[in-house]
Each structure stands twice: as structure tokens, then as C-alpha cells.
Amino acid sequence: MYIFGIIVFIVGGATFFWGRRQKQLGAEMEKGTVIPVKDAQAGATVELYGNVVSQQPLKTPFGGRECVYYEYSLERQVERRDAQGQLSMSWENVSSDRQM
């Protein structure tokens with residue numbers, strides 16, 4: 001019973017500190033000043049608003065929707081039996097693509 005209490009205490013503490021960090025990050029973003037995207041520093045936490053406009057938008061391969069970026073990976077589940085008749089399952093890549 002004590003072990004369960006210790007586990008709950010540890011998980012609760014971790015959740016508390018994670019939530020506190022998220023609240024701090026939100027507060028930092030609220031008080032931040034608005035700058036042009038080109039002025040954002042690499043690796044900095046930024047919040048972006050707006051629309052992307054492209055003169056030659058891409059089309060998604062499944063659905064044909066216009067976009068400026070897509071990435072997909074199509075896999076299938078494969079069943080195989082070894083010499084002893086044991087069944088094993090794995091995933092096999094059928095196709096994948098990324099366009100931007």
C-alpha cells in the first residue's frame with residue numbers, strides 16, 4: 001500500500017511541476033512583443049498567426065487539398081511464420097513522401 005502512495009506522490013509532483021512550467025511558458029508568450037517572422041531567432045519559442053500564401057501550392061496525394069507542406073508514410077502489416085511455425089508480425093513501408 002505504501003508503494004502505491006509513493007507512486008501517486010511522484011506522479012502528482014511531476015504533473016505539478018510540468019503544469020507550472022507550461023503556465024510560465026504561456027505567461028511569457030502573452031507578455032511577448034509582436035515581431036516579424038524573419039526576426040525570430042533559431043531555437044526560440046515563438047507563436048505565429050497568419051496564412052501562408054504560395055503561388056504554386058502543392059496538392060496532397062490523398063485528397064488533393066492545396067497545401068504548402070505534407071508528409072506521409074504508408075505501411076502495411078506483414079505476417080510471417082518461421083521454421084517452427086511461430087507467427088510474427090511487422091510493418092513494411094509501402095511508400096512515403098514529403099514535399100514542401
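Visitor: In which loop is the place of glutamine 56?

Guide: The model is a predicted one, and in this model glutamine 56 sits in the loop between helix 1 (2-31) and strand 1. Its relative accessibility is 70%, so glutamine 56 counts as exposed. A separation in space may also be read beside a separation in sequence. Glutamine 56 and cysteine 67 are 11 residues apart along the chain, and their C-alpha atoms are separated by 9.5 Å.

Visitor: Where is the place of glutamate 47, and how far apart in space are glutamate 47 and phenylalanine 4?

Guide: Glutamate 47 also belongs to the loop between helix 1 and strand 1. From C-alpha to C-alpha, glutamate 47 and phenylalanine 4 are 40 Å apart, with 43 residues as their separation in sequence. Glutamate 47 has a relative accessible area of 45% and is therefore partly exposed.

Visitor: Which residues lie nearest the centre of the largest pocket?

Guide: Glutamate 47 is one of them; the others named are Thr33, Val34, Ile35 and Val46. The lining of the largest pocket comprises 17 residues. By class, this lining divides into 11 nonpolar, four polar and two charged residues. The space in the largest pocket is about 490 Å³.

Visitor: I should like to turn to the strands. How many bridges join strand 3 to strand 4, and do the two run parallel or antiparallel?

Guide: The general idea concerns the two faces of a sheet: along a regular strand, side chains point to one face and the other in alternation. In this structure, strand 3 and strand 4 (residues 87-99) are antiparallel and are joined by 12 bridges. Two pairs of opposing residues illustrate the register. Arginine 76 stands opposite glutamate 92 in strand 4, and glutamate 79 stands opposite methionine 89 in strand 4.

Visitor: Which residue takes a positive phi in the hairpin of strand 3 and strand 4?

Guide: That residue is glycine 85, with a phi near 85°. The hairpin has five residues between the strands.

Visitor: How many salt bridges does a search of the whole structure find?

Guide: The general idea is that side chains of opposite charge can pair when their charged atoms come close. The search finds two salt bridges. In one, the side chains of arginine 76 and glutamate 92 meet at 2.7 Å, N to O. This pair links distant parts of the chain, since arginine 76 is in strand 3 and glutamate 92 is in strand 4, 16 residues apart. In the other, glutamate 92 pairs with arginine 80, and the closest N and O atoms are 3.6 Å apart. Glutamate 92 lies in strand 4 and arginine 80 in strand 3, so this pair ties together parts that are 12 residues apart in sequence. Arg76, Arg80 and Glu92 are thus linked in a network of salt bridges.

Visitor: Why does arginine 76 count as partly exposed, and what is the relative accessibility of its partner glutamate 92?

Guide: A residue is partly exposed when its value falls between the 20% limit for buried and the 50% limit for exposed. Arginine 76 has 46% relative accessibility and therefore counts as partly exposed. Glutamate 92, at 27%, counts as partly exposed, and arginine 80, at 42%, also counts as partly exposed.

Visitor: How many aromatic pairs are there?

Guide: The count comes to three. One of the pairs is formed by phenylalanine 16 and phenylalanine 17, whose ring centres are 5.2 Å apart and whose planes lie at 75°, so the pair is edge-to-face. The cut-off behind that reading is an angle over 60 degrees. Phenylalanine 16 is partly exposed at a relative accessible area of 49%, whereas phenylalanine 17 is exposed at 53%. The rings of phenylalanine 62 and tyrosine 72 also form an edge-to-face pair, because their centres are 5.0 Å apart and their planes stand at 85°.

Visitor: Where do phenylalanine 62 and tyrosine 72 lie?

Guide: Phenylalanine 62 is in the loop between strand 1 (58-59) and strand 2 (66-67), and tyrosine 72 is in strand 3 (residues 70-81), so the pair ties together parts that are 10 residues apart in sequence. Phenylalanine 62 has 57% relative accessibility and counts as exposed, while tyrosine 72 has 21% and counts as partly exposed. Phe62 and Tyr72 form one aromatic cluster together with Tyr70.

Definitions and conventions:
Residues numbered from 1 in each chain as written. Predicted model: local features only at pLDDT ≥ 70, side-chain atom pairs only at ≥ 80, totals over all residues. Heavy atoms only, no water. Phe/Tyr/Trp six-rings, centres within 6.5 Å; stacked < 30°, edge-to-face > 60°. Buried < 20%, exposed > 50% of the residue type's maximum accessible area, 1.4 Å probe, protein only. Helix = DSSP H or I, 4+ residues; strand = E, 2+ residues; numbered from the N terminus. 1 Å grid on protein atoms, 1.4 Å probe; cavity = no way out; pocket = protein on both sides within 12 Å on 5 of 7 lines; lining within 4 Å. Points joined across faces, edges and corners; volume = space filled by probe spheres on them. Nonpolar A, V, L, I, M, F, W, Y, C, P; charged D, E, K, R; others polar. Pairing = 2+ DSSP bridges. Salt bridge = Lys/Arg side-chain N within 4 Å of Asp/Glu carboxyl O.
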